[in-house]
Each structure stands twice: as structure tokens, then as C-alpha cells.
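Here are a few exercises to work through with the model open on your screen. Try each task yourself before you read the solution.

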Amino acid sequence: MRIKKNDILTVDKYIYEALYNRRSGYYMKGNPFGISGDYITAPNISILFSEMIAIWIILFWENLKRPKKFNLIELGAGNGEMMKQIIKTFDRFLLFKNCCKINILEKSIYLKKIQKKKLKNKNIKWLKNLSEVSNIPSIFIGNEFFDALPIKQFIKKNNEWYEKYVKFSKLNQPEFVDILVDIKKIEKKIGLKISHRQKFIEYSPLTTEYLKIISNKINLNNGGLLIIDYGYWDKNMKNTLKSIYNHKFNDVLNNFGRSDITYNLSFKLIEKILKKFLKKEKITSMLIGPGAGSNKKSFLLNLGILKRAEIISKNLPFSKKADIYFRVKRLIDKHSMGEIFKVVLGTKKNVNFQTGFIN
Ligand SMILES: C[S@@+](CC[C@H](N)C(=O)[O-])C[C@H]1O[C@@H](n2cnc3c(N)ncnc32)[C@H](O)[C@@H]1O
């Protein structure tokens, strides 16, 4: 749509138009990653991140008793960097590689072009939608995927619930307005009690839609969903909506279509949604790096990222060695991504696979 004066949009519609409008959306017309972009993601920080994920995928497949046909589905593949490194690792495990069918779900036509160029001749299927995923055991992986999906926001004031909207009274000066809603009616429609003990809600209808389809695929064919994303496990939801422009925080209402808009996932809510759709589910979680204090939980350390860093840097000059370790530190240090960036695995209960998730 083309926004006009006095238009009023729900927050999820506002985010959708800002990020995914076919002509002017942020993700539809440019490459947001790296120094010349607005932000950097884990696969673009260090190839070791993608290597660890690749090894984890192979071990997951082994745990499923090496099915002869197996799907890997990457959700939102960005500039294709993670998939490029994953395939490079798979090349050293041919038994697995011959069983693995690689799929990508990508909304941005612009990024899809970059992916197709980077991953030329790699035998990848770009999916139009998730119902195209073939009915064989499948692992779905989303790295910073769900935090890029639009959310609705609701706020409780004087015991009444209001939905947040963005109003364009002046075209280039949008503002937030709160509109009274019947939250019970909304909860009935979506089949989830999202307001229980909350004062603020961030809820993504699109995430729920995807989790439903993915859960149905897993229920039918076995497999799992690995979510790697920014988020928190606290019971209380909070207002985490933020915008990034040129590597700096930006007002969510500024630079419409030119800045990224993202939020931190409420993993409690993700868990609630998965419990609704995934039959006899098992949901496990880990921090990507060791957390604060003596709580040394870390998905990447458990998978041996430091050992791998040691191996690949062995005969390199000091500056290259330092660069490798600097990048790994960025991933696992609690002051950068280590604590807020989390890994969540959803499977059926009978999949007894804990690699990466136990110390
Ligand atoms: C924050 S980026 C992360 C990219 C990549 N996973 C990485 O870690 O570098 C989000 C990605 O999800 C894609 N995306 C957003 N909404 C989508 C949707 N509904 N379906 C498919 N892809 C989507 C974006 O275009 C982008 O490629």
C-alpha cells in the first residue's frame, strides 16, 4: 500500500510496510548486512558460527537414525552467508550430504537474488511457502528470522487493554496512538491466552502462523525447529520494539523504510504457541555463549567453537589468529551476544537429542 495522510495502521501493519512493502520496504531494496549496511548477524561475524550449526544439523540427522531423505529448511536466509558455510561443511560429510535436501524460505526478492548468486549450483529449492516443504523428516532453522517478523503491541491501562497503532496525521511525522480493544475477543480468535498476568503484550500473528505450519510438518514427518534469536525467558512481556539505522539505535517512527525494525522474542510465548501446535512436544533452550556468573551454559562452547578456533588458527600469523578469536568473542561474550542471543529447539518428546543443550 502507499501510505496517505491520516492513515492509521496497527503496529504489525506499520512494520510490514516499513520492512516488506514490495517497492519501498527496507528488506526489499537493499542489503542491510555488514559495515555498509545497518547491522551484522552471527553468520557474518564468524564462519565458525555456521560451521557449528552445520555439525549440529548432521548430529541431529544421525540421531533421527540417518533418514535417507532429510530436509533442511532455512527460514529467512539474509545474504546467504550461513547457508554457504553450512554447505561447505556438508561437503566433508558426503553420506549426510547425499541424504539432505536444502530449502530456503525468503520473502525479500532483493535478498533472494543475492542468495541465488552466492549459492549458485548448490541444488537448493527456494520455497514460495512452507506448505511446499516435502513430507520427509525436516529440520527448520531460523537465525534472526522470527525477530524480523511484524508484531502487534497491546498495553493495559486502568484495567483496560489498548492496541497500539501508528497514525500518520502528518505524513512524515507518524505517532503512536492507543485504541481500546476487547482482548478476550482477540484471544478467542487466536486461541491463546496472551494477556494472562501481563501489562504489555508483543504478539506476532505471522510467527503463530509459521509455528503452526512447522509444527504440523514435524508432527507428520518428525524433525525439529531450531530458533536462534534475541529474546528473553521472563514471564512478563515488555516493550522491546527497536529500530536500527546505520549500526545505531533509531526511533521506530523515524526513517520509515530506510531502517530495520526488530524486537526481542518472548520465548515463553513462543513456547506457549509451540505447546499448542506441536504434539507431545519437547522444548529445550540454551544461551549462545556462557551467561553471567558461574552459569557456564553455552550452545557454541558445547559444540566446540573454541576447539575449532584453535585448529583453524594454528599456523596463522598473530593478526589473523587474533581476528578469529575476536569474532568468536563477539558471539559468546555476555556483553555482546552471548546472553541475549538464545537457541531454542522444539521437537517431539521421542526425539532424545541434547547435543549443544547440555554441559
Ligand atoms: C534479520 S534477517 C536475518 C538473515 C540471516 N538469517 C542472517 O542471520 O544473516 C531476516 C531475514 O528474514 C527474511 N524474512 C523476513 N520475513 C520473512 C518471511 N515472512 N518469509 C521469509 N523470509 C522472511 C528477511 O528478508 C531476511 O532475509
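**Exercise 1. Count the helices and strands, then judge how compact the fold is.**

Solution. Keep in mind that this is a predicted model. Start with the secondary structure: the protein has 13 helices and 16 strands. Next, take the radius of gyration, which is 21 Å, and set it beside the 21 Å that the globule rule gives for 359 residues. The two values are close, so the protein is as compact as a globular protein of that length. Finally, look at the extents: the C-alpha trace spans about 60 × 45 × 45 Å along its principal axes.

**Exercise 2. Find the residues that come nearest to the ligand, and list polar contacts to it.**

Solution. First, gather the shell: 23 residues sit around the ligand, and the nearest are Thr41, Gly76, Glu106, Asn143 and Tyr210. Now go through three of these for polar contacts, where the cut-off for a pair of N or O atoms is 3.5 Å.

- Gly76 uses its backbone: an N or O atom there is 2.8 Å from a ligand nitrogen.
- Asn143 uses its side chain, with a polar atom 2.6 Å from a ligand oxygen.
- Tyr210 also has a side-chain N or O atom in play, 2.9 Å from a nitrogen of the ligand.

Then check the cover: on its own the ligand has 590 Å² of accessible area, and the protein covers 97% of that.

**Exercise 3. Sort the ligand shell by residue class and by helix.**

Solution. By class, the shell splits into 13 nonpolar, 6 polar and 4 charged residues. By element, α3 (42-45) and α9 each give at least two residues to the shell.

**Exercise 4. Locate the largest cavity and say what lines it.**

Solution. Searching the whole structure turns up 1 cavity of 30 Å³ or more. The largest cavity holds about 80 Å³ of space. Its lining includes Glu202, Tyr203, Thr207, Tyr263 and Ile273. Now assign the lining to elements: β9 (200-203), α9 (205-221), β14 (265-266) and α10 (267-277) each bring at least two residues, and α10 has the largest share, with 3. Sorted by class, the lining has 6 nonpolar, 4 polar and 1 charged residue.

**Exercise 5. Which residue caps the N-terminal end of α8, and which residue follows the helix?**

Solution. Begin at the N-terminal end of α8 (residues 183-190), where Asp182 is the cap. A side-chain oxygen of Asp182 lies 3.2 Å from the backbone nitrogen of Lys184. Then move past the other end: Gly191 follows α8, and its phi is positive, near 75°.

Methods:
Residues are numbered from 1 along each chain as its sequence is written. This is a predicted model: local features need pLDDT of at least 70, side-chain atom pairs count only at pLDDT 80 or more; totals for chains, interfaces and linings use all residues. Side-chain values use heavy atoms; hydrogens and water are left out. On a 1 Å grid over the protein atoms alone, a cavity is a set of points where a 1.4 Å probe fits but cannot get out, and a pocket is an open set with protein on both sides within 12 Å along at least five of seven lines; lining residues have an atom within 4 Å of a point. Grid points are joined across faces, edges and corners, and a volume is the space filled by probe spheres set on the points. Helices (H or I, at least four residues) and strands (E, at least two) are DSSP runs, numbered from the N terminus. Ala, Val, Leu, Ile, Met, Phe, Trp, Tyr, Cys and Pro count as nonpolar, Asp, Glu, Lys and Arg as charged, and the others, Gly among them, as polar. A residue is near a molecule or strand if one of its heavy atoms lies within 4 Å of it. A polar contact is a pair of N or O atoms within 3.5 Å; within protein, one must be able to donate a hydrogen and the other to accept it, and residues adjacent in sequence count only if both atoms are side-chain atoms. Accessible areas come from the Shrake-Rupley method with a 1.4 Å probe; for residues, only the protein chains shown count as cover. The radius of gyration is taken over C-alpha atoms; the globule rule is 2.2 Å times the number of residues to the power 0.38.
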